[in-house]
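Let us walk through this protein step by step, beginning with how far the model can be trusted and then moving from the whole chain to a few of its parts. Please keep the sequence and the structure in view as you read.

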Amino acid sequence: MTPDLMDEGARRVSAYARLAARDKTESGGRAAATGRPVVPGEVDVAHGRILYLEDVSVSFDGFRAINRLSLDIAPGELRCIIGPNGAGKTTMMDIITGKTRPDEGTVFFGSTIDLLRYKEAEIAQMGIGRKFQKPTVFEQLTVYENLELALKTDKGVPASVFFRPSSGDSDRLAQVLRTIHLAGSVNRPAGTLSHGQKQWLEIGMLLMQDPKLLLLDEPVAGMTDEETERTAELFLSLKGRHSLMVVEHDMSFIKTISEKVTVLHEGSVLAEGSLEEVQADERVIEVYLGR
C-alpha cells in the first residue's frame with residue numbers, strides 16, 4: 001500500500017467516525033469528488049514489454065544485493081520469481097517501485113517511462129501496484145469502505161469527508177468484490193476477516209487503482225489450502241488484463257499458476273524458463289540443495 005493511501009486511510013477512519021455521529025442529511029447533496037489522473041496517457045507497450053530492467057546493481061554497506069540484473073516482462077504476463085533467501089527478490093521490487101535507488105542500470109515502465117526519475121507515490125499512480133507479504137488493510141473499516149478508499153479520487157480532506165461514489169465507481173466496486181471472492185462480506189469489518197481474505201482485500205484495493213503491473217510478494221504465505229487454491233484462481237483470472245510479478249516460495253502454488261519462472265541468485269538471474277526446466281537446471285539444484 002502506498003504512503004499517500006496509508007495517510008488517507010487514517011484520515012478516512014477518523015472521518016467515518018465523525019460522520020457516524022452526525023445527522024445523515026448534513027452532507028447530503030454534496031458533489032462527489034472527481035478522479036484526477038496524475039500521469040496522462042497510456043503506458044507504451046508497442047515494443048512488447050511493460051517492464052524492462054537492464055544491468056541494474058545496488059549495494060548496501062559494501063554488499064551487492066542486486067548484481068547487473070536484467071529481465072523484462074510482457075504485457076498481460078504472469079511471471080513467477082523464485083530464489084533462496086537473500087537472492088535479491090524484495091530489493092528488486094523496491095527498485096521497481098522507487099523505494100530503493102540503484103547505483104547503476106536502467107528501469108523502464110513501457111518503452112518511455114524511466115522509473116528512476118520518479119518517487120514511490122508517483123510510480124504507484126502511474127499504474128504499478130505492490131502488495132507486501134503481510135496484509136495491510138484498515139481493520140476498523142468494512143470491506144466496502146476499504147475498497148472505496150482505494151478509488152482514484154481527490155484525496156484532499158474535504159473531498160474525502162463528503163465523497164460519494166458515482167454509478168461507475170459502484171459498478172467497479174461490485175466487480176472487484178466478485179473478483180476477490182468477498183461479495184458476500186461487503187459489510188464485514190476488515191479486522192474480522194481471515195488472513196487469506198485480508199490478502200484478497202488488499203489485492204482488491206490495488207485493483208481499484210486499475211494497475212497495469214502488480215507486484216505480489218509471497219501472497220499465499222500463511223493461507224489455508226483452500227485459500228491458496230482460490231488465490232491461484234484469482235491470479236489466473238487477472239492474467240492478460242494485468243501484468244503480474246509473483247514472488248513466492250510455495251512450489252505447488254507456482255506450479256499451478258506459472259508459465260515462465262525466473263530464478264534469482266545473488267542478485268542476478270540464474271535461470272529462466274518453465275518450472276520444470278528451472279527445477280531440472282543443475283545450477284538451480286546446487287543453489288537450493290547446496291550441492
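The model shown here is predicted, and its pLDDT, the predictor's confidence in each residue, averages 85 for the protein, with 79% of the residues scoring at least 70. Over residues 15–41, however, the pLDDT is below 50, although this stretch still has 25 contacts in the model beyond near neighbours in sequence.

With that caution in mind, we can turn to the protein as a whole, whose secondary structure comes to 11 helices and 10 strands. Of the 291 residues in the protein, 49% are buried, and the protein exposes about 13800 Å², of which carbon and sulfur atoms supply 49%. If we consider the contacts in the protein with a separation of 6 or more, residues 24 or more positions apart account for 70% of them.

A good place to look inside is strand 7, which covers residues 213–217. Five of its five residues are buried, so strand 7 is largely enclosed by the rest of the structure. Which way do the residues of strand 7 point? Leu 213, Leu 215 and Asp 217 point one way, while Leu 214 and Leu 216 point the other way, and all of these residues are buried.

Strand 7 also has partners on which we can follow the pairing residue by residue. Strand 6, made of residues 128–131, pairs with strand 7 in the parallel sense over four bridges, and within this pairing Leu 213 of strand 7 is the bridge partner of Ile 128. Strand 8, residues 243–247, likewise runs parallel to strand 7 and is joined to it by five bridges, and here the bridge partner of Leu 213 is Ser 243. To get from strand 7 to strand 8, the chain crosses through helix 8, residues 225–238, and this β-α-β crossover is right-handed.

Finally, let us look at helix 7, which spans residues 195–207. How far does helix 7 reach from its first C-alpha to its last? The 13 residues of helix 7 reach 19 Å, which is close to the 18 Å expected at 1.5 Å a residue. An α-helix has 3.6 residues a turn, so residues three or four places apart point the same way. In helix 7, 12 of the 13 residues are buried, so this helix is largely enclosed by the rest of the structure; among the buried residues are Gly 196, Lys 198, Trp 200, Glu 202 and Leu 207.

Definitions and conventions:
Residues are numbered from 1 along each chain as its sequence is written. This is a predicted model: local features need pLDDT of at least 70, side-chain atom pairs count only at pLDDT 80 or more; totals for chains, interfaces and linings use all residues. Side-chain values use heavy atoms; hydrogens and water are left out. Helices (H or I, at least four residues) and strands (E, at least two) are DSSP runs, numbered from the N terminus. The expected span of a helix is 1.5 Å times one less than its number of residues. Buried means under 20% relative accessible area, exposed over 50%, partly exposed in between (1.4 Å probe, protein chains only). Contact means heavy atoms within 4.5 Å. Accessible areas come from the Shrake-Rupley method with a 1.4 Å probe; for residues, only the protein chains shown count as cover. Two strands pair if DSSP finds at least two bridges between them. A crossover is right-handed if, with the strands pointing away from the viewer, the path from the first strand over the helix to the second runs clockwise. pLDDT is the predictor's confidence in each residue, from 0 to 100.
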